[in-house]
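The following exercises concern the interfaces and one helix of a multi-chain model. Each task is followed by a worked solution.

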Amino acid sequence: MTTEGLFSLLPLFLLSGFAVILMLLIAIYRDHNLTFWFTLAGFTASFASLFFIQAVLPRQIVPILIIDNYALLYWGMIILASSAVAVLSYNYLKEHEEQKEEYYILLMTATLGACTMSSASHFISFFLGLEILSVSLYTMISYLRDRLESVEAGLKYLVLAAASSAFLLFGMALVYASTGTMEFARISESLSANGVNALTLSGFAMMVIAVGFKLALAPFHMWTPDVYQGAPAPVTAFVATVSKAGMFGLWLRFFVMINGYRYGSLLILFTVISIASMFTGNFLALMQNNVKRILAYSSIAHLGYLFVAFLAGGKLAIEATTFYLVAYIITSLGTFGIVTVLSGKMRDAEDIEDYRGLYWRRPLVATVFTAMLMSLAGIPLTAGFIGKFYLVSAAVNSWLWLPVIILVINSAISVYYYLRIIVVMYRRIDEVTPAVETTTGTLATVGPVMQPSISLGGGLVLAVLTLALIWVGVFPGNIIQFIKDMVSSLSSAAMPMHTAQKIMLFR
Amino acid sequence: MTSFSMEHGLILATIIFMLGLIGLLSRKNIVFILMSVEIMLNAAGLAFVVAGSRWSQPDGQVMFIFILAMAAAEVSIALALIILLHRKFKTLDADAAHNMRG
Amino acid sequence: MLELLWMVPALPFLGYIILALFGGRMTKGISAAVGVGMLGLSALITIVIAISFIASPPEGYLFLQTLWKWVDVAGFSPAIALRLDPVSLVFIFIITFVGFLIHLYSVQYMEEEDSTWYARFFAYMNLFVGAMLMLVLADNLLLLYLGWEGVGLCSYLLIGYWYKDPANGAAARKAFIVTRVGDTAMAIGLFILVMAFRTLNIQEILRHVPLVWPVSSQAVVITALMLLGGAVGKSAQLPLQTWLPDAMAGPTPVSALIHAATMVTAGVYLIARMHVIFLQAPEVMTIVGIIGALTLIIAGFSAITQFDIKKVLAYSTISQIGYMFLALGVGAWSAAVFHFMIHAFFKALLFLGAGAVIYALHHEQNMFKMGGVKNMLPLTFWTFVIGSASLAALPLVTGGFYSKDLILYLAFTGEHGSKLLYFAGLFGALITAVYTSRMVFLTFYGHEKTHLHNRPGPVMEVPLIILAVLSTIGGFIELPGTLGHFPLFSNFIQNILPSPGSGEGHEGIGTELMLQIVAAVVAIGGVFIGYLLYYKKPETVQNFKQTPSGQSLYKFWLYGWGFDWVYDTLFVKPIDWIAQVNKSDVIDLIYTAIAWLTRGFNRMFSFTQTGRLRWYAMGIAFGAIVAITIVVFL
Amino acid sequence: MILFWLIVILMAGSFLAWLSSRWSSVAPKWIALVAVLIDFLAAASFWIKIASFNYPAAGNTLIAGNKGLWFTELNWMWIPSFGISFHLASDGLSLLLVMLTLFIGVLSVLISWNEIQYKVGFFYFNLLWILAGIIGVFTAIDLFLFYFFWEVMLIPMYFLIGIWGSKNRIYASFKFFIFTQSSGLLMFLSILGLFFLHGKATGVYTFDYMQLIGTKMAPNVAMWLMAGFVIAFIVKLPAVPFHNWLPDAHTEAPTAGSVILAALMLKTGAYGLIRFVLPLFPDAARTFAPAAMILGAIGIIYGAVLAFAQTDFKRLVAYTSVNHMGFVLLGVFALNEMALQGVVMQMLCHGISTGALFIIVGALYGRIHTRDIEQMGGLWDKVPRMGSMAMVFALASLGLPGLGNFIAEFLVLAGAYQASNWTTAISTIGLVLSTMYSLRIMAKVFLGKPRKTWTLEDLNLREMIVMGSLTIVILWLGLFPNHVLYVSRASIQSVVNTVNASSTAAGQANTLLQDLPLDKTEKKNDDISLKQKDRQKEQIKIEEQIKTEEQLRTEQQIKAEEPIKTEEYMKSEEHTKGGIRQ
């Protein structure tokens with residue numbers, strides 16, 4: 001490993017270094033403010049280093065990590081999202097927990113894990129990244145020890161994630177057994193040379209289980225609503241964005257590198273998963289009254305959409321999915337950010353009734369939330385619209401009409417529950433409040449929702465996110481170009497879906 | 001000493017994996033569930049070792065060590081959570097915690 | 001002077017606009033002055049135009065005045081353009097002049113209404129006259145259609161003038177809708193013409209039809225039938241006659257103007273106007289004749305049984321227009337127009353006379369509650385008798401005799417004529433005489449049953465006198481061959497409408513004389529029968545009415561041969577029923593079902609979210625099985 | 001540029017109105033009024049300047065790259081990587097609809113003056129947004145941009161219904177949104193399909209309308225792609241069986257919302273059919289035409305029957321739209337100039353007449369707080385002005401000659417008859433049915449015996465100004481339809497030419513526009529052919545006259561327009577270079 005190679009790992013070093021520093025700091029002087037600012041400094045430094053290392057890219061850190069523009073883009077996304085989560089967490093934690101400081105260490109390590117994943121080029125780094133992320137997440141999810149839900153969510157996530165890791169490892173073992181290597185690039189070579197056999201394919205399938213679990217794709221999605229609901233709101237934002245970005249970045253790279261588009265059966269598997277996710281997510285969200293759960297279900301559906309474009313393959317698919325992920329991260333951070341800033345000490349602002357007439361009480365917050373929901377629904381002037389446009393473009397370009405039509409049907413269904421939230425927010429206050437139905441009877445201290453003043457930091461994050469949302473929605477040209485350039489390192493390797501398979505699949 | 005082929009090894013690993021999976025699905029006690037998960041992880045580790053031996057590489061065994069380390073970390077957190085669970089729900093029944101659903 | 005033509009329709013429209021905009025704030029006097037004045041001016045201009053037209057006829061007896069280009073699409077470009085020729089001249093003369101008299105009459109007749117209603121009445125009346133003038137002056141069928149619908153509208157407005165009574169509203173709607181059925185047919189006719197000729201200009205069509213469409217070709221027959229549909233609706237002929245008796249719900253001057261003198265003859269006008277099309281379609285001509293004949297008989301029988309004086313007149317109108325249709329059916333165009341003119345005079349007279357009686361007897365319309373009015377209102381009586389005589393076509397002295405005789409004669413001898421139609425007409429004449437005398441005897445003779453309430457003043461009486469004079473002398477402008485042969489009217493009209501090709505040459509004057517004598521005998525006989533049955537021995541009829549068959553026949557005729565019942569059962573009720581059944585839109589159920597299904601799915605999926613850890617693990621295991629199955633076996 | 005400013009002024013006005021509501025509840029109204037009035041006057045002066053019969057030469061065919069059709073155009077790059085540009089342009093058709101939009105816009109601000117008391121600022125914000133969106137829809141000729149505006153106009157409408165609607169508003173707003181949104185997505189798919197098809201065939205990936213015209217595709221592909229567009233448009237139109245959102249949305253929306261829905265939003269569907277479906281998929285459109293015409297006929301009759309049954313005044317009026325829009329569908333797919341010009345008229349006239357009826361319903365509801373016509377009756381006595389206004393527009397909606405709707409329906413039917421005589425004949429029955437429901441309105445509400453003693457005032461001055469201007473416009477359209485028909489003529493002719501050009505190219509004889517072959521004997525007759533020659537000569541003469549006139553006009557126009565155009569063109573080039581930062 002050369003110095004340049006080491007240099008190119010600077011962002012990861014910074015993240016891990018700051019995690020250590022934080023640990024030491026807490027040991028020396030426990031202070032929430034200080035920890036927070038250090039965390040932010042860590043993220044900033046790490047993010048800033050991205051610009052410096054760009055000069056020495058691309059670089060293969062033999063043979064475990066590959067650091068190219070694609071990885072850089074995902075790192076950027078992940079670090080930015082994590083900083084947003086950190087800012088959102090600050091005020092949230094202030095009201096909650098006595099032991100706030102360790103949270104930031106976990107946030108830092110989780111980010112590190114996600115970054116590692118998105119630049120992995122070997123099963124080892126795949127596995128390690130995943131586990132660094134997961135283990136941190138177990139703790140973060142159950143961080144609010146006093147809350148029943150938090151513990152329940154943490155435990156569920158732990159057991160299921162561990163089980164899915166077992167599947168992943170077993171799958172890796174099978175692939176290794178049949179190809180004799182754990183490097184992505186060499187797996188591809190071996191497959192090209194020797195062809196594929198049932199062993200390899202079932203290995204891939206078992207890996208898909210873990211991937212599906214992490215990305216909350218049906219039928220591995222069941223943990224999602226419970227964890228989203230039980231976890232503290234900022235952690236939910238983290239689970240929804242960072243962990244998915246890391247996993248998706250990895251999987252996209254892996255699939256492109258092994259040239260998975262050669263294997264029709266894998267594509268069928270993803271078609272089934274994608275369609276199932278869209279329907280499951282949307283149907284489940286339809287009548288749900290818990291906003292966090294609605295958003296959880298909606299995220300299931302969104303990942304389903306994402307995989308429609310993923311299926312298309314080729315350059316356009318990589319760009320489209322990445323762009324969509326950017327839009328999705330902005331939007332998800334926004335929505336969970338709103339839940340976070342509205343949450344009070346006792347519980348999160350998760351019941352839909354908490355949002356009744358929000359527009360008339362807090363017009364700005366409601367407007368932002370509306371914009372976010374519109375983006376999720378894919379309505380113009382928002383990033384979500386352009387994202388969906390990109391996705392569908394990619395799919396239509398490959399003439400994948402079946403998944404696309406299902407996507408459209410699902411979009412129509414999804415509009416219903418997004419509108420439900422919006423409707424509640426714009427309910428006229430002069431109306432009599434109907435009997436409130438709570439989803440979780442044990443919690444219910446439902447009434448006029450708590451109205452904490454919105455913190456400066458939270459407000460700032462929301463403002464930035466909203467601006468980004470609208471900016472991307474109205475002037476997407478530059479961002480599209482930027483993403484195009486950044487992913488070119490991967491997309492130049494990408495092969496479009498094989499025609500014969502397309503025919504087999506959808507004709 | 002009769003050498004065994006990779007297939008046999010993998011079948012063994014699969015059987016152990018299935019045992020773990022069945023344990024995961026059938027046991028109610030959260031501690032047993034954790035143990036089942038560990039069994040599954042070890043089955044995966046076994047598969048790695050078998051595969052590594054097929055290619056005469058150390059990679060499989062290296063991987064097994066990583067798995068062990070990770071399992072240890074996981075179990076430590078899990079035990080902490082189990083204690084919390086026991087404190088809140090006064091039981092070790094995994095299904096008792098189902099406040100969130102629907 | 002012909003350039004003033006545009007003012008003829010414009011003035012009534014102006015009157016309408018003034019009354020509509022400011023009528024609410026006008027006194028009755030001003031409203032009346034505007035309403036009557038505009039029409040008077042219009043009539044005056046018409047007379048000036050008529051004189052100059054007759055004195056120095058324009059080339060081809062046709063004067064065109066284009067006001068502006070109306071529509072211009074894809075080579076189809078009708079204009080707002082007026083066309084004056086002998087036929088339209090006759091029509092505008094009748095419309096403005098009779099219209100003026102009726103307006104004048106209304107000044108007193110409507111005086112009980114308060115001022116806004118009064119203004120509204122004159123506004124509608126002016127609008128009606130304007131629309132009717134557009135109808136007859138239009139140089140293209142689209143503009144004609146404008147007038148056509150316009151008069152339909154005014155008829156609706158005026159029948160429902162006393163809108164507080166829902167029955168009036170129902171009658172008004174019925175009139176509009178039933179005529180609209182005919183209009184729809186006519187519209188289809190226009191579409192065919194547009195498609196074939198890219199124009200609706202009357203002159204062009206008349207020129208092109210015989211060149212493009214051979215006799216009895218499918219296109220011309222359909223077109224003629226469709227136009228006939230329109231005419232039948234507007235002129236209350238079989239089978240769309242049902243609206244007219246109900247239309248008597250409006251004030252009596254309205255009945256006089258619209259439902260007797262002018263609007264209902266629009267169908268006659270249309271057919272006469274488009275005669276070339278009908279000549280190309282002899283089958284349709286025959287149908288026209290048959291419709292006329294059937295209508296005049298059916299309506300005649302109904303008229304005999306009515307007890308409401310206005311309804312008698314209504315059925316009589318239907319019947320008389322039947323004569324005009326009969327005339328059109330046998331190609332006697334000018335005879336039809338002639339009968340239209342005479343009919344306008346005497347029918348207006350009769351309605352106004354009846355109105356005077358009704359006015360005098362405090363809105364009593366039942367003839368059986370009248371009686372002895374002769375002595376109360378002598379002037380009304382005498383004018384009414386003159387009108388009745390004309391209706392019954394008493395020989396020599398009445399206008400009705402000359403016009404009806406001409407029709408019968410041409411039906412008998414004309415080249416399109418037929419004996420059957422002739423006898424139908426003759427039979428109709430008999431019935432006409434019967435119901436006319438019945439009406440006169442019931443109303444004016446016998447003893448007083450209702451007391452005098454109001455007395456018509458001079459504004460009501462002057463129109464009666466003028467009309468009485470006209471309906472008498474009107475006949476003398478067209479004297480048959482037997483009586484000096486003075487076909488002034490026909491000659492004038494035949495500048496534009498072809499002569500019926502009557503058999504004057506080969507049938508000889510003897511036939512004509514004989515036919516006239518027969519007609520005269522029939523008319524007088526009819527009156528005599530009426531005298532016997534309704535004055536001398538009313539018990540005969542009463543006794544007959546008591547018998548079961550008499551009873552049912554009476555009812556049958558009284559309710560206009562059950563047409564209303566048939567339409568009610570066949571069209572109105574089913575539509576109503578469908579509309580009511582489908583009020584909340586069955587198609588909505590599809591979407592409701594979809595929504596319901598989606599919610600069902602939601603419940604189904606929600607069921608899987610049990611919140612139990614092991615169940616979730618089961619989900620993953622299941623997914624694993626599926627995934628491996630797909631990958632390995634597909 | 002004017003098109004850009006029209007949209008920008010409305011958007012600026014909307015934000016101002018929203019902000020100003022913090023300080024005053026009156027300011028938003030005035031700001032909204034001023035913004036819409038400025039727009040209206042600007043558009044009107046533009047019309048007077050350009051379209052005062054200065055229309056471009058007729059007979060154009062829409063060919064890729066042909067710019068001759070547009071009065072004004074602006075083209076800025078937007079998302080270059082997808083060939084998406086901010087491309088607005090206006091021809092006669094768009095101009096008319098923009099005028100209608102702004103006219104109705106002014107009125108809808110006025111009618112909401114007192115009706116809306118709750119959150120005035122936000123109301124006018126939404127109102128102006130809708131107008132901006134609709135103008136965008138009518139002027140966008142980049143397909144992506146079109147879809148963009150198509151969706152943009154939805155959201156504020158949704159709010160308008162959902163917040164200021166009446167009792168059942170939530171349900172209605174959901175229904176409205178989901179119907180239009182899901183159908184819009186299908187159109188979006190078709191747009192993308194077209195985009196890629198064109199891109200793969202030519203290598204030029206663009207959403208530009210003018211370039212996409214004439215894209216070659218296999219018949220079944222064309223059919224599917226067209227289906228996406230058609231569904232979106234006939235849901236919006238709406239045609240049976242996709243009409244179910246309409247009665248609910250119209251009924252529950254506040255008056256201004258109903259007016260805009262009926263008068264403007266429905267028109268976007270019709271506009272889309274003419275602007276996009278016909279030129280983009282001429283062959284498929286011809287194949288689909290008979291079915292579409294039957295759908296239109298069904299709509300005419302079904303809508304009328306449903307309208308006849310309603311007891312809710314507003315719902316009744318809502319269903320009349322289904323009836324009237326049936327004529328639009330019938331006319332569009334008759335595929336000839338007469339019918340299409342009729343459709344243009346119908347779009348305008350239906351906007352005016354149904355808008356007016358909704359205003360009356362709203363005014364009445366504001367006074368007696370019920371819409372149940374069974375409780376009304378005999379109101380003429382108390383509110384003669386309102387009654388007579390209602391009468392005018394009831395008559396307009398039954399197609400009384402002299403009012404604009406007659407011209408529209410006549411042209412549509414006469415044109416449609418040439419394409420399909422049986423369908424048209426059946427549709428004509430709709431005239432009788434529309435008479436039935438129109439008169440029923442009058443009978444139940446204004447005439448007859450009063451069923452309750454309401455105390456209510458007649459229309460006030462503001463309302464009379466609104467209704468008076470509507471009356472004048474509908475009369476103007478009825479008596480001088482040429483003022484409108486000339487404006488849209490070139491656009492319609494080019495659409496018709498495009499459709500027919502492709503048919504001749506496909507080697508199919510076009511029998512639609514020839515004289516009626518009702519009689520086969522016709523051609524045998526010698527006289528006739530002579531006669532026909534005569535007529536043809538006449539026609540040619542007339543056409544020549546028109547042509548020379550037009551040449552003069554176009555020359556004038558070119559002289560007048562040239563400096564502007566080059567300037568604009570240069571600007572657009574600049575923008576191409578610098579993105580749309582300006």
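**Exercise 1.** How many residue pairs are in polar contact between chain B and chain A, both at pLDDT 80 or more?

*Solution.* The model is a predicted one. Between chain B and chain A, eight residue pairs are in polar contact, with both residues at pLDDT 80 or more. The side of chain B that touches chain A draws at least two residues from each of helix H1 (6-26), helix H2 (30-54) and helix H3 (59-89). Of these, H3(B) gives the most, with 15 residues. By residue class, this side of chain B divides into 31 nonpolar, seven polar and five charged residues.

**Exercise 2.** Determine the extent of the contact of chain B with chain A, and its count of salt bridges.

*Solution.* Begin with the residues: 43 from chain B and 47 from chain A take part in the contact. Next, take the area: the two chains bury about 3700 Å² between them, and 78% of it lies on carbon and sulfur atoms. On the side of chain B, the greatest losses of area to chain A fall on B:Leu81, B:Lys88 and B:Met100, which together make up 19% of what that side buries. Finally, the number of salt bridges between chain B and chain A is zero.

**Exercise 3.** Characterise the interface of chain C and chain D by area, polar pairing and composition.

*Solution.* In this interface, 60 residues of chain C are in contact with 73 residues of chain D. The buried area is about 6000 Å², with 66% of it on carbon and sulfur atoms. Within chain C, C:Tyr163, C:Phe191 and C:Met195 lose the most area to chain D, together 13% of what that side buries.

For charge pairing, the count is three salt bridges. In one salt bridge, the side chains of C:Lys164 and D:Asp381 meet at 2.6 Å, N to O. Polar contacts across the interface link 23 residue pairs, both residues at pLDDT 80 or more.

Several elements of chain C each supply at least two residues to the side that touches chain D, among them strand E1 (63-69), helix H4 (115-137) and helix H6 (166-197). H6(C) provides the largest share, 16 residues. This side of chain C comprises 40 nonpolar, seven polar and 13 charged residues.

**Exercise 4.** Is helix H12 of chain A mostly covered or mostly uncovered, and what is its span from first to last C-alpha?

*Solution.* H12(A) is mostly covered, since 19 of its 22 residues are buried. Helix H12 of chain A occupies residues 264-285 and reaches 31 Å from its first C-alpha to its last. This span is close to the 32 Å expected at 1.5 Å a residue.

How values were computed
Residues are numbered from 1 along each chain as its sequence is written. Chains are lettered from A and ligands numbered from 1 in the order in which they are written. This is a predicted model: local features need pLDDT of at least 70, side-chain atom pairs count only at pLDDT 80 or more; totals for chains, interfaces and linings use all residues. Side-chain values use heavy atoms; hydrogens and water are left out. Contact means heavy atoms within 4.5 Å. Buried area is the accessible area (1.4 Å probe) that two parts lose on being put together, summed over both. A salt bridge is a side-chain nitrogen of Lys or Arg within 4 Å of a carboxyl oxygen of Asp or Glu. A polar contact is a pair of N or O atoms within 3.5 Å; within protein, one must be able to donate a hydrogen and the other to accept it, and residues adjacent in sequence count only if both atoms are side-chain atoms. Helices (H or I, at least four residues) and strands (E, at least two) are DSSP runs, numbered from the N terminus. Ala, Val, Leu, Ile, Met, Phe, Trp, Tyr, Cys and Pro count as nonpolar, Asp, Glu, Lys and Arg as charged, and the others, Gly among them, as polar. The expected span of a helix is 1.5 Å times one less than its number of residues. Buried means under 20% relative accessible area, exposed over 50%, partly exposed in between (1.4 Å probe, protein chains only).
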